[in-house]
Amino acid sequence: MTNKKEYERIKKEVLKLFEKAHIILREDEKEKLEIVDGGLENIDKLGLQIVTYVNRDRYCAKELALLPNQTCPEHRHPPYEGDKLGKEETFRCRYGKVYLFVEGEKNEWHVQPPNKYFTASHEIILNPGDQYTIPPNMLHWFKAGEDGAVISEFSSHSDDAFDIFTDPNFKRV
């Protein structure tokens, strides 16, 4: 994130999305809102906003927010020391429309990826109340519709430092 003014603009937009999704956040959770641009400094197009409720050895719960038409870059959650499988995650759409892409047979797409670093080609559309479980180590990426989106994520333990992104320029710290 380039500067405090930009951070505050994104934070304000994201908190409005959580309101629309009827997600109530405590003040300390709002303060811990993570804005992930991966060092690309193109947050309106590529990135993700995250509130982590809990992240323990066996489970994790988060809220993910995407700005209108924002895309979370393609990545996978590989096995790492202490985790024999890699992170498994279930996405449940709470607000907006989510275009989720996973490995598998290519089907008809309703949105396009923002650049060449997107290879997962099986599109799954999630509307509010829909959910999908992504197996460990599977390439995936997702994009919000024109109204933005809020996704509840339920997963095994999350260690973002081990995520592998297809775009070598995207750095998750």
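## A charged residue to start with

Is Glu-29 buried or exposed? In this predicted model, Glu-29 has a relative accessibility of 8%, so Glu-29 counts as buried, the cut-off being under 20%. Glu-29 has a charged partner too: its side chain meets that of Arg-26 in a salt bridge, with 3.6 Å from N to O.

## Salt bridges

Look through the whole structure and you get 13 salt bridges. One of them joins Arg-9 to Asp-44, with the closest N and O atoms 2.8 Å apart. This pair ties together distant parts of the chain. Arg-9 sits in helix 1 (residues 4-20), while Asp-44 is in the loop between strand 1 (34-36) and strand 2 (48-55), and the two are 35 residues apart. Arg-9 has a relative accessibility of 30%, so Arg-9 counts as partly exposed. Asp-44, at 38%, also counts as partly exposed. The pair doesn't stand alone, either: Glu-6, Arg-9, Glu-13 and Asp-44 are linked in a network of salt bridges.

Now for Lys-87 and Glu-89, whose side chains meet in a salt bridge at 3.4 Å, N to O. How accessible is Lys-87? Its relative accessibility is 5%, which means that Lys-87 counts as buried. Glu-89 is buried as well, with a relative accessible area of 2%.

## Nonpolar cores

The largest nonpolar core is made of 21 residues, and Phe-91, Leu-100 and Phe-142 are the ones with the most contacts inside it. Which strands feed this core? At least two residues each come from strand 2, strand 3 (60-66), strand 5 (89-102), strand 6 (122-126) and strand 8 (140-155). Strand 5 gives the largest share of the core, five residues.

Phe-91 is a handy place to zoom in. Setting aside residues up to four places away in sequence, Phe-91 touches a string of side chains and backbones that includes Leu-64, Leu-100, Leu-126, Tyr-132, Ile-134, Phe-142 and Ile-151. Its contacts also include Asp-130, Gln-131, Ser-152 and Glu-153. Apart from the largest core there is another one, of 15 residues, with Ile-10, Ile-23, Ile-43 and Leu-67 among them.

## Two cavities

How many cavities of 30 Å³ or more turn up in the whole structure? The search finds two. The largest has a volume of about 180 Å³. Its lining is built from 20 residues, and Leu-48, Ile-50, Cys-72, His-75 and Asp-163 lie nearest its centre. Strand 2, strand 3, strand 4 (71-76), strand 5 and strand 8 each put at least two residues into that lining. Sorted by class, the lining of the largest cavity has ten nonpolar, three polar and seven charged residues.

The second largest cavity has a volume of about 50 Å³. The residues lining it include His-77, Pro-78, Tyr-80, Gly-86, His-157, Ser-158, Asp-159 and Phe-162. Lys-87, the buried partner of Glu-89, is one of the lining residues too. Asp-163 also helps line the second largest cavity, and Asp-163 is one of the residues nearest the centre of the largest cavity. By class, the second lining has three nonpolar, four polar and three charged residues.

## Phe-165 and its far-off partner

Phe-165 belongs to strand 9 (residues 164-165). Its relative accessible area is 16%, so Phe-165 is buried. What lies 90 residues from Phe-165 in sequence? That would be His-75, and in space the two are 4.2 Å apart, C-alpha to C-alpha. Leaving out neighbours within four places in sequence, Phe-165 is in contact with Pro-73, Glu-74, His-75, Phe-170 and Arg-172. His-75 has already come up here, as one of the residues nearest the centre of the largest cavity.

## Two loop residues with positive phi

His-22 isn't a glycine, yet His-22 has a positive phi of about 60°. You'll find His-22 in the loop between helix 1 and helix 2 (27-31). With a relative accessible area of 71%, His-22 is exposed.

Asn-137 is another non-glycine with a positive phi, this time about 65°. Asn-137 is in the loop between strand 7 (131-134) and strand 8. At 30% relative accessibility, Asn-137 counts as partly exposed.

Notes: Residues numbered from 1 in each chain as written. Predicted model: local features only at pLDDT ≥ 70, side-chain atom pairs only at ≥ 80, totals over all residues. Heavy atoms only, no water. Salt bridge = Lys/Arg side-chain N within 4 Å of Asp/Glu carboxyl O. Helix = DSSP H or I, 4+ residues; strand = E, 2+ residues; numbered from the N terminus. Buried < 20%, exposed > 50% of the residue type's maximum accessible area, 1.4 Å probe, protein only. Core = buried A, V, L, I, M, F, W, Y, C linked by side-chain atoms within 4.5 Å. Contact = heavy atoms within 4.5 Å. 1 Å grid on protein atoms, 1.4 Å probe; cavity = no way out; pocket = protein on both sides within 12 Å on 5 of 7 lines; lining within 4 Å. Points joined across faces, edges and corners; volume = space filled by probe spheres on them. Nonpolar A, V, L, I, M, F, W, Y, C, P; charged D, E, K, R; others polar.
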